[in-house]
Amino acid sequence: MQIYNTLTRRKEPFQPIEPGHVRMYVCGMTVYDYCHLGHARVLVAFDVIVRYLRAHGYTVDYVRNITDIDDKILERARQNGESIDALTERMIEAMHEDERALGILPPDREPRATRHVDDITAMIGVLIDKGYAYRADNGDVYYRVRRFDHYGRLNNRDPDQMRAGARVEVDTAKEDPLDFVLWKAARADEPSWSSPWGEGRPGWHIECSAMSTCCLGDTFDIHGGGPDLTFPHHENEIAQSEAATGQPYVNTWMHAGALRVNQEKMSKSLGNFFTIRDVLQSHDPEVVRYLLVASHYRTPINYAPDTLDEARRSLERFYNALDGVESVAGAVTGDWAARFHAAMADDFNTPEALAVLFDLVRELNRAQREGRSAEAGALAFELRRLGAILGLLEREPAEFLNAGMADELPLAESDINALIEARNAARRNRDFAEADRIRDELAEQGIVLKDSREGTRWFIEH
C-alpha cells in the first residue's frame, strides 16, 4: 500500500508501527456552528480511508477530536445568549446527525478538549521545563518557535522568512512574533481551569498534541485533517509534541483537498456557504457522498448543481443494475476485486476504484440480458461488497430510485399502479401493442418501468 505523505511530499510504502494495527488521528470539529460542506469533504474522505484500511485487514484505532472550548465558541455563546455547554452539546448532536445521514462511521474515540485539560497542562509543564515555552507578563504561556529546529518542515517554510500576519498571532507580550499561545490566562466571564500558571484555558494547537498522544502514544501512524490545517495548526502540533516527548510525532501526514462552490471558495460573504443540513434538505445524502467520494481525497472538489446531477445519474446506473437481482455470494469471472484493491492501495484512488465498479455494472447488466441469473446474483453481491467499502450501495434499489419522488410525480401513485396493472393485463392477453403504448405513455412523463421475475417496478427518471 502506498500513501502520499504531506511531510515528505511523495508517496511512500505504508508500514504501521505495529504490524496489522493502524493508529490514526484526524482533527475534528470546533463545535460552535453546524458542519458545512467543507467539513463533509474531510469527514467522508477519512471515513473511506478508515473503511478501506479495515477492509484491507488492518485493525484501526481511529481517534477524531472535538474542540469544545475556543474563542469562536465563546463568542457564539455570547451572541446566542446561551451557556457554552448548551451550545457545544447542541452542535455535537447536530454533527453526529449529519454524519449518520452521510453514512460516516463514528470514530473509535472522540476526545473533547475540556475533558483533557490535565493532559494539556502536563504537556505545557514539560515544554516549560525544557525551555520550549514561557509564561509572559500578560499571564499567557507561549511556545518558543525558534527553539524547535525543525519548525516549518511540514509546510516547507523557513521561520526566518516568516512574518507576523494573518495566520500568525500578533501580541506584544511575546518574545517573538512567531511564538504561539499554549495557555490563555483567564478573562472575565470566560470559563477557566486551574493550572500552575493561574486560572485559564488551553490554546487550540496544544489540545490536539495532548489528546492525540494521550490516546495513541508519543508516535503514531497517521494524522489527517483539512487542507487549511497544515499551517499553522499541524506545524505547531509537530513542534509541541516532538519537543515534549523527544520522539517523532507522526509517520504519515494526510490532508484532504479543498471544496469549492461553482469554482469559487466557499464563503458567507459570497453567499455560497452551505451547511450539510442545508444541502440534505434538497439532495439525497448518498448523492452528496458519491460526489465527495468520486474525487481523489487530495484533489479539490467543485460543488455545483450539475455535479450533483451527474452524481445522481451515476448512482442510478448502479442501483438500476442491482434492481430486481438477488445478491448471492458466489464465484465470479473477472478480476474486479483485485483491480478495486489495487486502485485503493494506490493512495486510496477512489476514482479508479469507481471505474472498476462501472465495469462490473456493465458485466452485471450483460449477465441479466443473457439470462445468467446465478452469475448476475454473484456479480451483484460483489458490487455491493466493494461499494460498501466506499460507503455506497447499501440501500435497497427501490428506496434510492424512488427517494423523494412524491414531489416529482406527474401522476398520483394509484394512477401509476393502475396503468401498470392495465399493461400487465394487456401482456397476459398478448396485446403487446397496448402494453407498449402504456409503457410509452408513462415514459413520456418520466416514469420508467422495469420488469423482472418479481414483477414490474417503476421509478422516476432524473
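# A guided tour from the parallel sheet outwards

Begin by selecting strand 3 (residues 21–30) together with strand 4: the two pair in the parallel sense over eight bridges. Strands and helices here are DSSP runs numbered from the N terminus, a strand being E with at least two residues and a helix H or I with at least four. Two strands count as paired if DSSP finds at least two bridges between them.

The model on display is predicted: local features need pLDDT of at least 70, side-chain atom pairs count only at pLDDT 80 or more, and totals for chains, interfaces and linings use all residues. Residues are numbered from 1 along each chain as its sequence is written, and side-chain values use heavy atoms, with hydrogens and water left out.

## The sheet

Within the pair just selected, find Met24, which stands opposite Tyr62 in strand 4. Next, colour strand 4 (residues 59–67) by accessibility. Eight of its nine residues are buried, so strand 4 is largely enclosed by the rest of the structure. Buried means under 20% relative accessible area, exposed means over 50%, and partly exposed lies in between, with a 1.4 Å probe and protein chains only.

Extend the selection to strand 9 (residues 220–225), which runs parallel to strand 3 and is joined to it by three bridges. Here Val26 has Gly224 of strand 9 as its bridge partner. The view now leads to an open sheet of four strands in the order 4-3-9-10, with parallel pairing. Strand 4 and strand 10 (250–255) are its edge strands, each pairing on one side only. From one strand to the next, the twist averages 20°.

## The helices against the sheet

Select helix 1 (residues 37–55). Together with strand 3 and strand 4, helix 1 makes a right-handed β-α-β unit. Right-handed means that, with the strands pointing away from the viewer, the path from the first strand over the helix to the second runs clockwise.

Then select helix 5 (residues 204–216), which lies across strand 3, strand 4 and strand 9 and runs at about 150° to strand 4. Axes are lines fitted to C-alpha atoms, for helices over the stretch in contact, and angles run from 0 to 180 degrees between N-to-C directions.

## The nonpolar cores

Return to Met24 and show its surroundings. Beyond its neighbours within four places in sequence, Met24 is in contact with Phe46, Ile49, Val50, Leu53, Asp61, Tyr62, Val63, Leu216 and Ile222. Contact means heavy atoms within 4.5 Å.

Met24 and Leu53 have the most contacts inside the largest nonpolar core, which holds 86 residues. Helix 1 gives the most to this core, with twelve residues. Apart from it lies another core of 42 residues, among them Tyr25, Leu74, Val250 and Trp253. A nonpolar core is a set of buried Ala, Val, Leu, Ile, Met, Phe, Trp, Tyr and Cys residues joined through side-chain atoms within 4.5 Å.

## The cysteines

How many disulfides does the structure hold? The structure holds zero, a disulfide being a pair of cysteine sulfur atoms within 2.5 Å. For Cys27, the nearest cysteine sulfur is that of Cys208, 3.8 Å away. Cys27 counts as buried, at 7% relative accessibility. For Cys215, the nearest cysteine sulfur is that of Cys214, 5.1 Å away. Cys215 also counts as buried, at 13%.

## His283 and Ser314

Move to the loop between helix 7 (276–280) and helix 8 (285–293), where His283 lies. With 27% relative accessibility, His283 counts as partly exposed. Leaving out residues up to four places away in sequence, His283 touches Val288, Tyr303 and Leu308. From C-alpha to C-alpha, His283 and Leu308 are 8.2 Å apart in space, and they are 25 residues apart in sequence.

Continue to helix 9 (residues 305–322) and select Ser314. Ser314 is buried, with a relative accessible area of 12%. Setting aside residues up to four places away in sequence, Ser314 touches Tyr290 and Phe358.

## Backbone details

Select Phe231 and Pro232, which are joined by a cis peptide bond with omega of about 0°. Pro232 has its place in helix 6 (residues 230–245).

Next comes Asn262, in the loop between strand 11 (259–261) and strand 12 (264–265). Asn262 has a positive phi of about 50° although it is not a glycine, and counts as partly exposed at 46% relative accessibility.

The last stop is Arg430, in the loop between helix 14 (413–428) and helix 15 (432–444). Its phi is near 60°, a positive value in a residue other than glycine. Arg430 counts as exposed, at 64% relative accessibility.
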